[in-house]
Amino acid sequence: MTELFTTWWAWLALAVVLAILELFAPGFIFVGFAIGAAITGVLLAVGITFGGNLAWLALFFAVVSVVAWVICYKTFGGKGRQVQTFDEDINEG
């Protein structure tokens, strides 16, 4: 199982699956994980293996995912999320 987690294409496949799940989610839930998995997969494809240690690989994925989620949320989703109220009805008088 460790070989699967150190394979670059598995991380990129996970990124695609998470990006597809993001399309069906109501908010920024999976976008950070998708970006983290994609960056981890690209680094593994380039040859950065994190010493073959699964713990360091998982830590890198977690940190990059959280940072990517915060950046995406602050950039695209954190502004103007207040409830809109109406005082009058368009159908009235």
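I began with Phe61 and looked up its neighbours: leaving aside residues up to four places away in sequence, Phe61 touches Trp11, Phe33, Gly36, Ala37 and Thr40, where contact means heavy atoms within 4.5 Å. What I have open is a predicted model, in which local features need pLDDT of at least 70, side-chain atom pairs count only at pLDDT 80 or more, and totals for chains, interfaces and linings use all residues. Residues are numbered from 1 along each chain as its sequence is written, and side-chain values use heavy atoms, with hydrogens and water left out.

**Core.** I then asked which residues make up the largest nonpolar core. I found seven, namely Trp11, Ala15, Ala37, Leu44, Phe50, Leu57 and Phe61. The elements that give two or more residues to this core are α2 (8-24), α3 (31-46) and α4. For my notes, a nonpolar core is a set of buried Ala, Val, Leu, Ile, Met, Phe, Trp, Tyr and Cys residues joined through side-chain atoms within 4.5 Å, and buried means under 20% relative accessible area, exposed over 50%, partly exposed in between (1.4 Å probe, protein chains only). Helices are DSSP runs of H or I with at least four residues, strands are runs of E with at least two, and both are numbered from the N terminus.

**Aromatic pairs.** A search of the whole structure gave me five aromatic pairs. One of them joins Trp11 and Phe61, a tilted pair at 5.1 Å centre to centre with 55 degrees between the planes. This pair links distant parts of the chain, since Trp11 is in helix α2 and Phe61 in helix α4, 50 residues apart. I noted that Trp11 is buried at a relative accessible area of 7%, and that Phe61 is buried at 16%. The rings of Phe50 and Phe60 have centres 4.9 Å apart and planes at 40 degrees, so I entered this pair as tilted too. Here Phe50 is in the loop between α3 and α4 and Phe60 in helix α4, 10 residues apart. Phe60 is partly exposed, with a relative accessible area of 23%. The rule I applied is that rings of Phe, Tyr and Trp (its six-membered ring) pair if their centres lie within 6.5 Å, with planes under 30 degrees apart counted as stacked, over 60 as edge-to-face and the rest as tilted. I also recorded that Trp11, Phe33 and Phe61 form one aromatic cluster.

**The loop between α3 and α4.** Phe50 caught my eye again, as it has a positive phi of about 55 degrees although it is not a glycine. Most residues other than glycine have a negative phi. Gly51 also has its place in the loop between α3 and α4, and is exposed with a relative accessible area of 74%. I took one distance from here: the C-alpha atoms of Gly51 and Phe24, 27 residues apart along the chain, are separated by 36 Å.

**Ser65.** Is Ser65 in helix α4 buried or exposed? At 2% relative accessibility I count Ser65 as buried, and its contacts, not counting residues up to four places away in sequence, are Gly32, Phe33 and Gly36.

**Phe5.** In helix α1 (residues 2-5) I looked up Phe5, which is partly exposed at a relative accessible area of 34%. Phe5 touches Trp11, Leu44, Leu54 and Leu57, again without residues up to four places away in sequence. Phe5 and Ala58 are 53 residues apart in sequence, yet I read 8.9 Å between their C-alpha atoms.

**Along α4.** Phe76 has its place in helix α4 and is exposed, with a relative accessible area of 62%. The C-alpha atoms of Phe76 and Phe28 are separated by 9.1 Å, with their positions 48 residues apart along the chain.
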